[in-house]
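Colleague: I should like to learn how the features of a structural model are read. May we take them one by one?

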Amino acid sequence: MKERLVSPKRSTVAELEGQLHLYASETYSYATMTRAAVLGLEDGSTWWGEAFGDGQSASGEVVFNTAMTGYQEIASDASYNGQIVVLTYPLIGNYGTFDRAGESRRPWVEGLIVRELVGTCREGTIDLDAYLRSYGVPGLAGIDTRALVRRLRAKGTLRGVILQVPPHRSQTEDIAREAVATARSIQPLAAKPLVVESTGLERQVGSGPKVALLDTGVKENQIRCLVQKGATVKTFPATAMAREILSWSPDGIVISNGPGDPAAIPLIAAATRTLVEAAASRGMNRALPILGICLGHQLVGRAIGATTSRLPFGHHGANHPVQDLRTGRVAITSQNHEFQVDEASIPSGAGFAVSSRNLNDGSVEGLAHER
Amino acid sequence: MWRISYLEPLTVDVLERIIERERPSGLLATLGGQTGLNLAVQLAESGVLERYGVRLLGTPLSAIQQAEDREAFKQLLLSIGEPVPESITAHSVQEALAFAARVGYPLVVRPAFTLGGTGGGVANDAAELTVRVMSGVAASPIGQVLVERSLLGWKEIEYEVMRDGADTCITVCNMENIDPMGVHTGDSIVVAPSQTLTDKEYQMLRSAALRIIRALGIEGGCNVQFALDPDRSPTTDPEAQVPYFVIEVNPRVSRSSALASKATGYPIARVAAKIAIGKRLHEIPNAVTKKTTAAFEPALDYVVVKIPRWPFDKFAAADRTLGTQMKATGEVMAIDRSFEASLLKALRSLEVKGQGLLWEAPAWVEVTDPTRFVDEFLSAQPTDDRLWRLFAALRRGAQIELIHERTRIDRWFLRKIARIVRFAEDDLQGRTPTPALLRAAKRMGFADADIATLTGMLPADVRRLRTQWGIRPVYKMVDTCAAEFEAVTPYFYSTYEQENEATPLVGPKAVILGSGPIRIGQGIEFDCCCVQSAGALRERGVAPIMVNSNPETVSTDFDASARLYFDPLDEESIAAVLENEGPGPIAVLAQFGGQTALNLADRLAAIGGEIAGTSADAIALAEDRRRFHDFADALGIPQPPGGTASSPTEALAVATEIGYPVLVRPSYVLGGRGMEIAYGPEDLERYFRSALEAGTGRVLVDKYLRGKEVEVDAVSDGSETLVAGIMEHIERAGVHSGDSYAVYPAQNLLPAERDEIVALTRRIAEALPVKGLLNIQFIVENERVWVLEVNPRASRTVPFLTKVTGVPLVKIAVAIALGSSVAAEGYPEMKSTGEVMGIDRSFAPALWKSLVAAGLAPARSGKILVTVADKDKPEVVEIIEGFHWLGYDLVATSGTAALVRSLGLDVTEIKKLAEGSQDILKLIRSGECAAVINTPTLGKTVDRDGFLIRRAAVEARVPCLTSLDTALAVVTALRASAVTTSVAPLAEYRALEPVVTTAAD
């Protein structure tokens, strides 16, 4: 299915007459598309626009993110592995891409959908287009992204496929039909080894108390923050056994963010359970604190016997209000998760309580052990 | 809304008396701009708040003081590690010069505690520094200026932040100035959100803004301005932060907050008020989504561009350079899905006739070489027309890099602007539109009019093609959350996309045309009328649909109408709104939005609208002074003798026949030029020359009658007419009504004159006929009444008269426009008996309040400088005697001094500036001068002395009286001001038939 598309020449205006015309590329004039693309969703809707980035097709769950800056951070967040991301802010690419903005070694999104792709003017940066191209990630520009987001909001996350064609085949029925049919046949997230793909190599940075970090798709910023706070951070691949981690004698454990459904990774869940049990068996004087973020939080939730479920369309953005239930203070948080810990399922005897809550939908954003 | 309202001068004395009377438990001071903040500080410092047990709500006094006292604020910032540019506070030139010797130039001077940075500026050398510091010290109420290192050319970024009592902080939005540091924010083209900042820079400044609002302990809204180093690459020196400085913090809602509110849909003022009474952000519902709360940060899925509106179309000779002193009178905002479209839409919203994308100044046209163009027109200090200069330079093929180097405008913006220009030049110029090309042009934001010009068609042809090809705008919602949640806000903008979110409103509805940007002659009064008309429509079960482009208004609050279209007020955009609300015809109220709305009146029928109220033809008849002249003649309505002229020869002939002085005005109001009095043929010829240059066309030449000018606001259904009140101007005819002091009720009319005025008003209303509001200006002289001007629309005095008389003029006008009558509304036709604006029980105290409110009240003792033109000498006698009687010392230039001596009074003679002495300016700045009386010399030739005197007076905040009528009124007010003024709620005055005066500031 992953057909590589070679565009032999730029098509002429005459060939495109009557079609929806797009200005996604950063050309100064009335340029024509070099590649057309269509997004087909499982609900049967199709969205024609202009392709950018890599020339192949993309498939995955289509989700949206409402942050107005940070497109490279979003694209390189491993939690998006398996997903096509729609950015709601209409101008994307304004300040280019550069090494330091990457949250991991590569972009993980299956595809990126924007209203308008903009070239960079910042010295020393690389265009988003070139960045995605170099990692084989395709993009779709020029569509009414707000209309698409409204659809996703109403229907929940939908599976989708981006197909690319030469411009003269833009708006053709059969391609659109193919995209929809393919979207309907996509495997659910649970069937893909998303976490294992995303995990990085073992490494150790910083100095100070020892923090073991189970890398289920970690964002670089988490490591940076821990090191800034004065910790030695050793990352363990997602396939690590609990005893490997414990044998390093960490002072604390972090289970990172990551992609996909926490219920679909039984081995990692089992390792988490062992870690949680090990922590619980320690006395107060030898406490082993565990911090779970995003997928990590969901894994800890499952480890104590709670269940997890899908949110209607996930939390993806930089403006989510979360209230710390102990202080009452509200923090504006950056979020990217598709799943939640079900509050009603938290076992009463486990000694855990909800510590923070999302103020938009009331979902659980934090659990804390009651001492 | 409010329970009790006071229309009183905003001074500590008056406020204390109100507090004494009402005994409020709290005072909210952070929503009234700098004025409110200053008063709150004064009330607190003078012990008034403590004495009456009044609690300051929201931001604590200590925070306000800390943010406003530049030195204390600097120390606070330094204590939390926030960088501030090197600076000192100075009270004298010497201190400033010593600082300059240490840090070098350029330096910026800002006066402390002033609105809009009055008196500030950039100094590049010692001479400039001296001037800036002197005027800054004079402008500052505490005689203090800040002198700091200039960050000219750095990026200027603003954050709007909020904090509640539980220390929860959010940023509402950030904004980036396209004009880098060096141009006042109020004079900058601004885009929201920022476009050129990396995520790291965005977050770095966001975190800094939150640290600052926490350190200050603000409870409510706050605005933080930063300067960011533009030249640092995000890739170099990866761990070091990009250098930035905190430039300014306003511990209150500001002009930028208003813009941020409209740009995001987040109601900052409303939320700030709720925080002030103790609510937490997460306890305040989000009025837009009704599902989430105020504790979140708005996500935009569009681009907002603000362009300032400058008054230079009215002040052709003014200094058009932009600096740290704000010169704009208003602003427009536009929303779209791309920067290009948003910028072009804002350009359309400016309503500067003829100044579209393709406009070029005559001086530019001959400079065709791009580099020379940049050298000549883009390398010096920025001017108000810089955006057009950029277009012109890029049209000539100037390099972005060169323009960037000279203007320091970020390359990103220049590339976007270049895209617009290249599209116009390469793809539209001389081409035949195709569906694809037209759609692409519309998506980029080109107006039909621009496409027409470029492709050699008529705008109507472009629209026809668009209709034929189905290229029409859709409307998207401003919902604070980028569609993440379902929203109920009826706030929309147009764009060329696929999905339309604004389905036509069901049921009876009417479109209200707003008043656009605030400019000379069209202030916020018209917005007030628009808001009232929306309320009146609602009461009658008709859904009000508002169209406006001005973010500084109440009419663009999303709850002021049933639906808001934030779009330009031009034919193209109104046509699109009407089509979207169709099928038509849809009722349109055009009489409340001032000239802007009226300009569209005669086009409405053609674009799917139906004017509600006074017909388009009746409006056109009144607007065209020549047609109106004939109409009035036919009705036997007396008008000053005169005629029309289209050449100087004709004008001279008319003037000779009727005799000088004559009043000259453009025959069509839209000409944009004001009236002038010509005392002889030279004046007339000069006026004519400039009128022709301005493209005014025909000119009316009328006998200048030196009578009283009187103004009437009325409402009529075409058969019955309700005269709400007769106002008398303190200055006689010749001074524009908007620049006159007015008193209600008229003080010097004989009963017969009043009757005649009412009778004429009625006759005109019936003959036109008027269905709605009507404003007429009369001249009254020796029991004779002449009609000067008729405006069948809301006038700027409608809100004023509505407040003091309690007659809901707008409400009645809306009822009539919808088919009701004066009688049916329960306001039987009545004759105003005319009693009395400042508001008080009699004229003198009322006038005194106006003067205080306008900041024009002279000190109670000191020197009065008198220097008047020869023609004014006879009339100034009474004024001189009056000031002498009041115990002031008189100072005068030679001619005037001779006059004073001839009256047997003491006078100090002072040399004129033209005589090579600076004494006059020194006196004005000395603090001993209580007032200046200076009348312009004949005509409008350059009056250098007068200009410098008036300017010095304004800078030193000394009342400057340029009309003898005003001066006489001031004497009257002073003589009577021993009589105590009263302070009472508005409703109480209404019951007592008060006297009200307005003062033009």
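Modeller: We may begin with the interface, bearing in mind that this is a predicted model. In it, 47 residues of chain A are in contact with 58 residues of chain B.

Colleague: Which elements of chain A each supply at least two residues of the side that touches chain B?

Modeller: In general, the size of an interface is often given as the accessible area lost when the parts come together. Here the description is by residues: α4 (145–155), β15 (308–324) and β16 (330–341) of chain A each supply at least two. With five residues, α4(A) gives the most to that side. By type, the residues on the side of chain A that touches chain B divide into 18 nonpolar, 16 polar and 13 charged.

Colleague: How is chain A divided into domains?

Modeller: The domain assignment gives domain 1 (13–186) and domain 2 (194–369) of chain A. Their centres, taken over C-alpha atoms, are separated by 31 Å. Across the boundary, 21 residues of domain 1 of chain A are in contact with 23 residues of domain 2 of chain A. On the domain 1 side, β3 (58–65) and α4 of chain A each supply at least two residues, and β3(A) gives the most, with three residues. That side of domain 1 of chain A consists of seven nonpolar, ten polar and four charged residues.

Colleague: How does one judge the overall form of chain B?

Modeller: One compares the radius of gyration with the value that the globule rule gives. For the 1001 residues of chain B the rule gives 30 Å and the model has 29 Å, so chain B is as compact as a globular protein of that length. The C-alpha atoms of chain B fill a box of roughly 80 × 70 × 65 Å along the principal axes. Chain B has 36 helices and 36 strands, and 55% of its residues count as buried.

Colleague: And what does the radius of gyration show for chain A?

Modeller: A compact globule of 371 residues would have a radius of gyration near 21 Å, and the 22 Å of chain A agrees with this. Its C-alpha atoms fill a box of roughly 75 × 45 × 40 Å along the principal axes. The secondary structure of chain A comes to ten helices and 18 strands.

Colleague: Which residues of the largest nonpolar core touch the most other members?

Modeller: The general idea is that, in soluble globular proteins, nonpolar side chains tend to be buried together. In this model the largest core has 365 residues, of which B:Val161, B:Val588, B:Val715 and B:Val932 touch the most other members. Helix α16 (residues 411–428) of chain B gives the largest share of this core, ten residues. Domain 1 and domain 2 of chain A both give residues to this core, so it lies between them. For B:Val715, the contacts beyond four places in sequence include B:Leu722, B:Leu774, B:Ile812 and B:Val822.

Colleague: Is strand β31 (residues 863–867) of chain B enclosed or open?

Modeller: Five of its five residues are buried, so β31(B) is largely enclosed by the rest of the structure. In a regular strand the side chains alternate between the two faces of the sheet. Accordingly, B:Lys863, B:Leu865 and B:Thr867 point one way from β31(B), while B:Ile864 and B:Val866 point the other way. β31(B) pairs with strand β32 (residues 889–892) of chain B in the parallel sense, over four bridges, and B:Leu865 stands opposite B:Val891 in β32(B).

Colleague: What is to be noted about the backbone just after helix α11 of chain B?

Modeller: Most residues other than glycine have a negative phi, and most peptide bonds are trans. B:Glu351 has a positive phi of about 60° although it is not a glycine. This residue is found in the loop between α11 and α12 (362–365) of chain B, and counts as buried because it has 21 C-beta neighbours inside 10 Å. As for α11(B) itself, residues 339–349, eleven of the eleven residues are buried, so the helix is largely enclosed by the rest of the structure.

Colleague: Where are the cis peptide bonds to be found?

Modeller: One joins B:Gly582 and B:Pro583, with omega about 5°; B:Pro583 is found in the loop between α21 (571–581) and β19 (586–589) of chain B. Another cis peptide bond joins B:Leu768 and B:Pro769, with omega about -15°.

Note on methods:
Residues are numbered from 1 along each chain as its sequence is written. Chains are lettered from A and ligands numbered from 1 in the order in which they are written. A residue is buried if 20 or more other C-beta atoms lie within 10 Å of its own, exposed if 12 or fewer, and partly exposed in between; C-beta atoms are placed from the backbone. Two residues are in contact if their C-beta atoms, placed from the backbone, lie within 7 Å. Ala, Val, Leu, Ile, Met, Phe, Trp, Tyr, Cys and Pro count as nonpolar, Asp, Glu, Lys and Arg as charged, and the others, Gly among them, as polar. A nonpolar core is a set of buried Ala, Val, Leu, Ile, Met, Phe, Trp, Tyr and Cys residues joined through C-beta atoms within 7 Å. Domain bounds come from an automatic or database domain assignment. The radius of gyration is taken over C-alpha atoms; the globule rule is 2.2 Å times the number of residues to the power 0.38. Two strands pair if DSSP finds at least two bridges between them.
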